[in-house]
Amino acid sequence: MNQYLAAENLSAVLADEVLLPTITLWNRLEGRPRTHDFDRALKAEVRDPLWMLAKQWQMGEFRGDDAGSPIVAKVHIETTRLTKYKAAGDPAEAFDDDVPLEAKVERRPIPLHMAGRDMALDIRLAMGRRWLKLVAPIEPGLPQKFIDALGIDAPDPDDRGDAAVAAHREAWQALAAVAGRAMDGWKLHAYLTAAPGNHAHDLVALADPVKAPDVELAEAEYLAWYKALFYQPEPDAGTAWLPARLEYAFGLSAPQSGTEKQLVADEYFHGHLDWYNLDVDPSGAGLGPVAGEPTGVEAALTSSFIPAPIQFDGMPNTRWWTFEQGRTNFGDIDPDTTDVNKLLLIEFGLVYANDWFLMPFTVPAGTIARVKGMMVTNTFGERIWVEAAGRGGDQDWQRWSMYTLATRGSDDIPADLSLVVVPSVAKIQESEPIEAVQLIRDEMANMVWGIETRVPLASGESKSGRSAALDTARYHARLVAASPAPAAPPP
């Protein structure tokens, strides 16, 4: 022990009030519980419940009249189905819900020909491989006969009319690699669909003519495979594409109470079709009669439900010591001042816990549904008739609603409260564009230039427009240099 800090007579030191310098060190500070049971500490006991009731009264919490919870509800819903479709200025036709509506609206012919040259080599080869696989078991050597009859032509680097292939190394290499080794499946498809009596065995000589019915069965399977994989419009089918506006326009309609409810989309270009692309046409003109229009699509149904509380990740928990799900971070939402939907989502997620209930009602795709009203019975036995909050005049500035259709025009008419379940897909797989054009405005010349920044090749690939232009220029320069000089004109 340090002798300078030792006190032999502690009583005398304390009596003289002498301060001794000391140095105190701790390696760890920790609480020392006096019991192993923490149940009482976690109970958050209230010693004065009367004081808590007084504070609730002071804050006005006893004035609420929404303490009753719904125990049963009845909903009356009227539904109808889309029955007609009209693409731009083409005649109306019966609505077909076998394919997504985006595919029907945006369908365009596959560019298999361009500037007199066969294009889309990748699609042609895929079709050819499918056909060769179908006919291989029918007869030995039959696939090679179809390759000889419908093969890929070898490119000619000196052909002035084949610059789409010979000028670009990628396209020339692709065609040269498969020339004489693969079959052009589109040529077979074009021949089979050109006339009802055309068959594939007309193009080759079968070693055994008895095998002709087997080839015809393969034709049916081949055409069905192509139709399921490639959604090509018929030659006389209408199109919703408006080239002058670079967008689509179409209309839909459904019967409703003896009239026709018409929906229009004048400026669709988004790539994903949903209810917000449609507007209600209040004129009532409709799309007119069409052949094959479904009937009996209107229905009215009253259903009883037991309301179920809405649950979502991160919702406020009603128990005292229970924490919310941390996977949902509302603090990461960065809405703009005009993002009303995001602001409502934040308010819903942070403020409301058990104030919202779910009453599911399943309808098929292509349905227009409208909730006429709802009868709710709460725990106090009260029955309340609930109507849509957005009802009223369509031009009423105090009216506000979500997920409802807009009405074309500015007439002061009742607001449309129907909900459209569009037969569209939830997710779309898209590749990189094979062709891109930028529109550049020339103020001096008062013109608009279209600059191809991405150019498709005959092989099915694409390349930069600048690279394609340089390759084409070098190709023509090589041909001009190799050409003989023109003869001198006579004197």
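Q: In this predicted model, are Glu443 and Arg441 buried or exposed?
A: Glu443 forms a salt bridge with Arg441. The cut-off for exposed is over 50% relative accessible area. Glu443 passes that cut-off, and so does Arg441. Both residues are therefore classed as exposed.

Q: How far apart are the closest N and O atoms of Glu443 and Arg441?
A: A salt bridge requires a side-chain nitrogen of Lys or Arg within 4 Å of a carboxyl oxygen of Asp or Glu. Arg441 supplies the nitrogen and Glu443 the oxygen. Their closest N and O atoms are 2.9 Å apart.

Q: How many salt bridges does a search of the whole structure find?
A: Side chains of opposite charge can pair when their charged atoms come close. The pair Glu443 and Arg441 forms a salt bridge. So does the pair Asp184 and Arg124. The search of the whole structure gives a count of 17.

Q: Which parts does the pair Asp184 and Arg124 tie together?
A: The two side chains meet in a salt bridge at 2.8 Å, N to O. The parts joined are 60 residues apart in sequence. Asp184 lies in the loop between helix 7 (169–178) and helix 8 (185–194), and Arg124 lies in helix 4 (residues 121–135), so the pair ties that loop to helix 4.

Q: Is Asp184 buried or exposed?
A: Buried means under 20% relative accessible area. Its partner Arg124 counts as buried at 2% relative accessibility. Asp184 has a relative accessible area of 2%, so Asp184 is buried.

Q: What separates Arg474 and Asp471 along helix 11?
A: Arg474 forms a salt bridge with Asp471, and their closest N and O atoms are 2.4 Å apart. Both residues sit in helix 11, three residues apart. The separation is therefore about one helical turn.

Q: Which is buried, Arg474 or Asp471?
A: At 52% relative accessibility, Arg474 counts as exposed. Asp471 has a relative accessible area of 14%. The cut-off for buried is under 20%, so the buried residue is Asp471.

Q: Which residues are linked with Asp471 and Arg474 in a network of salt bridges?
A: Asp471 and Arg474 form a salt bridge with each other. They also belong to a network of salt bridges. The other residues in that network are Glu170 and Lys463.

Q: What is the bridge partner of Val455 in strand 19?
A: Strand 18 (residues 447–456) pairs with strand 19 in the antiparallel sense, over three bridges. Val455 falls within strand 18. Its bridge partner in strand 19 is Lys463.

Q: Which are the edge strands of the open sheet with the order 17-18-19?
A: This sheet has three strands with antiparallel pairing. An edge strand here pairs on one side only. The edge strands are strand 17 (436–442) and strand 19 (462–464).

Q: At what angle does helix 11 run to strand 19?
A: Helix 11 covers residues 465–482. The helix lies across strand 18 and strand 19. Its angle to strand 19 is about 90°.

Q: What stands opposite Glu78 in strand 10?
A: Strand 1 (residues 70–81) pairs with strand 13 (residues 367–378) over eleven bridges. Strand 1 also pairs with strand 10 (residues 299–305), in the antiparallel sense over seven bridges. In strand 10, the residue opposite Glu78 is Ala300.

How values were computed:
Residues are numbered from 1 along each chain as its sequence is written. This is a predicted model: local features need pLDDT of at least 70, side-chain atom pairs count only at pLDDT 80 or more; totals for chains, interfaces and linings use all residues. Side-chain values use heavy atoms; hydrogens and water are left out. Two strands pair if DSSP finds at least two bridges between them. Helices (H or I, at least four residues) and strands (E, at least two) are DSSP runs, numbered from the N terminus. Contact means heavy atoms within 4.5 Å. Axes are lines fitted to C-alpha atoms, for helices over the stretch in contact, and angles run from 0 to 180 degrees between N-to-C directions. Buried means under 20% relative accessible area, exposed over 50%, partly exposed in between (1.4 Å probe, protein chains only).
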